[in-house]
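Reader: Could you walk me through how to read this model, one feature at a time?
Author: Gladly; have a look at it, and then we can begin.

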Amino acid sequence: METRISYFRNKLSITQEQLAQAVGVTRQTIISLEQNRYNPSLLLAYKITKALQQKNIEEVFILQNSI
Amino acid sequence: MIGKHEWFRRRKYTGWGFTPVTWQGWIYVAISILPLVLLTSFPPISQTRIVLIVIWALIVSCDFIDIMIHLPKDERDRIHEAIAERNALWVILAVLIVGAAYQTATGVMTQDISKIDPVILIAVVVGLVVKAVSNFYLDKKN
């Protein structure tokens, strides 16, 4: 799973810590997500999408090698 | 409860439980240990003291459990903790089974069955029961 979290986060000028607090996770989790090292739950993906003011999950999370 | 979860973080690399991250946490740990030190330092240990130690142990245990439950954990932390605990359990289980097998073998060879430690067997059986109950609960839940 590839993410565009850092792109949208920079666009909104919010820090990793601020995003982490907004969605109720640790900053380490945001770092892992931005580095494409962790696949989030659907609920967390929704929360992040909303926090980054995007409408569709697909805009933030890109599923590679999809079926 | 007495202790606050904000004073601690979960131990990840140095065992189980939690470790203080603030001065309040360190003071809490010191104050938690102090009654035990005072109650056991000066002989003779009377029955009243034993009762006090038990009461103290119950209070501290309840507070420790409360802190552990309320330590903040996100989904990634939960997954990591579950995998780490599972790996630790597998190793513990392997050691217990090897130990039980060794004790059984030496017990049979020396015709002395008392060499088999019942605590090992009880631990394995209780573990099996807890696993079955957990899976049953989780299957019902989701």
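**Reading contacts, cores and chain shape**

Author: Leaving aside neighbours within four places in sequence, T26(A) is in contact with A20(A), D74(B) and D77(B). Two residues are in contact here if their C-beta atoms, placed from the backbone, lie within 7 Å. Before going on, note that this is a predicted model, in which local features need pLDDT of at least 70 and side-chain atom pairs count only at pLDDT 80 or more, while totals for chains, interfaces and linings use all residues. Residues are numbered from 1 along each chain as its sequence is written, and chains are lettered from A and ligands numbered from 1 in the order in which they are written.

Reader: Where is T26(A) placed in chain A?
Author: T26(A) sits in the loop between α2 and α3 of chain A. Helices (H or I, at least four residues) and strands (E, at least two) are DSSP runs, numbered from the N terminus. The C-alpha atoms of T26(A) and I57(A) are separated by 20 Å, and these residues are 31 apart along the chain.

Reader: Is T26(A) exposed, partly exposed or buried, and why?
Author: A residue is buried if 20 or more other C-beta atoms lie within 10 Å of its own, exposed if 12 or fewer, and partly exposed in between. T26(A) counts as partly exposed because it has 17 C-beta neighbours inside 10 Å.

Reader: How many residues does each chain bring to the contact?
Author: Chain A gives eight residues and chain B four residues. On the side of chain A that touches chain B, three are nonpolar, five polar and no residue is charged. Here Ala, Val, Leu, Ile, Met, Phe, Trp, Tyr, Cys and Pro count as nonpolar, Asp, Glu, Lys and Arg as charged, and the others, Gly among them, as polar.

Reader: And how should I read a nonpolar core?
Author: In soluble globular proteins, nonpolar side chains tend to be buried together. A nonpolar core is a set of buried Ala, Val, Leu, Ile, Met, Phe, Trp, Tyr and Cys residues joined through C-beta atoms within 7 Å. The largest one has twelve residues, among them I5(A), L52(A), V60(A) and F61(A). Two or more residues come from each of α2 (16–23), α3 and α4 of chain A, and α2(A) has the largest share, three residues. Not counting residues up to four places away in sequence, L52(A) touches I5(A), F8(A), R9(A), L12(A) and V60(A).

Reader: What about backbone angles?
Author: Most residues other than glycine have a negative phi, and most peptide bonds are trans. N36(A) has a positive phi, near 60°, and is found in the loop between α3 (27–34) and α4 (42–51) of chain A. Q53(A) also has a positive phi, about 55°, and lies in the loop between α4 and α5 (57–60) of chain A. Q53(A) counts as exposed because it has 9 C-beta neighbours inside 10 Å.

Reader: Which pattern does chain B follow along the sequence?
Author: Chain B reads β-β-α-α-α-α. Its radius of gyration, taken over C-alpha atoms, is 20 Å, well over the 14 Å that the globule rule gives for 142 residues, so chain B is more spread out than a compact globule; the rule is 2.2 Å times the number of residues to the power 0.38. Of its 142 residues, 4% count as buried.

Reader: How many residues of α2(B) are buried?
Author: One of the 24 is buried, so α2(B) lies largely in the open.
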